[in-house]
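Subject: Structure handover

Hi,

Here is the structure I promised to pass on. Have a look at it first, and then read on for what turned up in it.

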Amino acid sequence: VCSSDLTYAVYEGSEVDAQAVIDEFNKVYPNIKVTIRTFPSDPGLTDYLSTQASTGNLPDIAYGWDEMAYFAQEGWLYPLDEFLDADDETQ
């Protein structure tokens, strides 16, 4: 995730809340364009990510609640250590 464009997947119906998060994010990082993608709550995040992975179209960030162990098993989680270590504000 070194691009200046990011995709942010959220449940349908939560776009307003997601946009509020993006607006705050862009106050700190104005040069990063974040595009919202939505997915239905039924069947949910795991099915959405499985479908996106099979087509090579995973979002950069996904917000939802499902089985995190499955996400780790599939290799969908990305450690943020290198980004946090490079950010002075984390100190």
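Let me start with the aromatic rings, where the count comes to 5 aromatic pairs. Take Tyr 11 and Phe 39: their ring centres are 4.5 Å apart and the planes sit at 50°, so this pair is tilted. Tyr 11 belongs to strand S1 (residues 5–11) and Phe 39 to strand S2, so the pair ties together parts that are 28 residues apart in sequence. Tyr 11 and Phe 39 are both buried. Another pair is Phe 71 with Trp 76, with centres 5.8 Å apart and planes at 35°, so that one is tilted too. Phe 71 is buried as well, at a relative accessible area of 4%; the cut-off for buried is under 20%. Tyr 48 comes into the picture too, because ring pairs link Tyr 11, Phe 39 and Tyr 48 into a cluster.

Before going further, one caveat: this is a predicted model, so please read everything here in that light.

Now the overall layout. The protein has 4 helices and 3 strands, and from the N terminus on they run β-α-β-α-β-α-α. The C-alpha trace spans about 40 × 30 × 20 Å along its principal axes. Of the 91 residues, 22% are buried. The protein exposes about 6,500 Å², and carbon and sulfur atoms supply 52% of that. If you take the contacts between residues at least 6 apart in sequence, 58% of them join residues at least 24 apart.

Next, the stretch after S2. Pro 40 lies in the loop between strand S2 (33–39) and H2, and Pro 43 is found in that loop as well. The peptide bond between Asp 42 and Pro 43 is cis, with omega at about 25°. For context, most peptide bonds are trans, which is why I'd look at this one in your viewer. Pro 40 counts as partly exposed, with 33% relative accessibility. Once neighbours within four places in sequence are set aside, Pro 40 is in contact with Tyr 11 and Glu 12. That contact brings back Tyr 11, a member of the ring cluster described above. As for Pro 40 and Pro 59, they are 19 residues apart along the chain, and their C-alpha atoms are separated by 15 Å.

On to helix H2 (residues 45–54), which holds Gln 52. Is Gln 52 buried or exposed? Gln 52 is buried, with a relative accessible area of 13%. The side chain of Gln 52 makes a polar contact of 3.1 Å with the side chain of Arg 37. Not counting residues up to four places away in sequence, Gln 52 touches Arg 37, Asn 57, Leu 58 and Pro 59.

The charged side chains give a short story: the salt bridge count comes to 1. Glu 24 and Lys 27 meet in a salt bridge through their side chains, at 2.9 Å from N to O. These two are 3 residues apart in helix H1 (residues 15–28), so about one helical turn separates them. Glu 24 is partly exposed, with a relative accessible area of 46%, while Lys 27 counts as exposed at 62%.

Finally, the region around H3 and H4. Leu 80 lies in the loop between helix H3 (68–74) and helix H4 (81–85), and Leu 77 is in the loop between H3 and H4 too. Leu 77 counts as partly exposed, at 42% relative accessibility. Leaving aside neighbours within four places in sequence, Leu 77 is in contact with Met 68, Phe 71 and Ala 72. Phe 71 is the buried ring mentioned earlier. Leu 77 and Glu 15 are 62 residues apart in sequence, and 22 Å separates their C-alpha atoms in space. Which residues make the nonpolar surface patch? Tyr 78, Leu 80, Phe 83 and Leu 84 do, and the patch covers about 380 Å².

That's the tour. Shout if anything is unclear.

Cheers

Methods
Residues are numbered from 1 along each chain as its sequence is written. This is a predicted model: local features need pLDDT of at least 70, side-chain atom pairs count only at pLDDT 80 or more; totals for chains, interfaces and linings use all residues. Side-chain values use heavy atoms; hydrogens and water are left out. Patches are made of residues with over 30% relative accessible area and no salt bridge: like charges are joined within 9 Å, nonpolar side chains (Val, Leu, Ile, Met, Phe, Trp, Tyr) within 5 Å. Accessible areas come from the Shrake-Rupley method with a 1.4 Å probe; for residues, only the protein chains shown count as cover. A salt bridge is a side-chain nitrogen of Lys or Arg within 4 Å of a carboxyl oxygen of Asp or Glu. Buried means under 20% relative accessible area, exposed over 50%, partly exposed in between (1.4 Å probe, protein chains only). A polar contact is a pair of N or O atoms within 3.5 Å; within protein, one must be able to donate a hydrogen and the other to accept it, and residues adjacent in sequence count only if both atoms are side-chain atoms. Contact means heavy atoms within 4.5 Å. Rings of Phe, Tyr and Trp (its six-membered ring) pair if their centres lie within 6.5 Å; planes under 30 degrees apart count as stacked, over 60 as edge-to-face and the rest as tilted.
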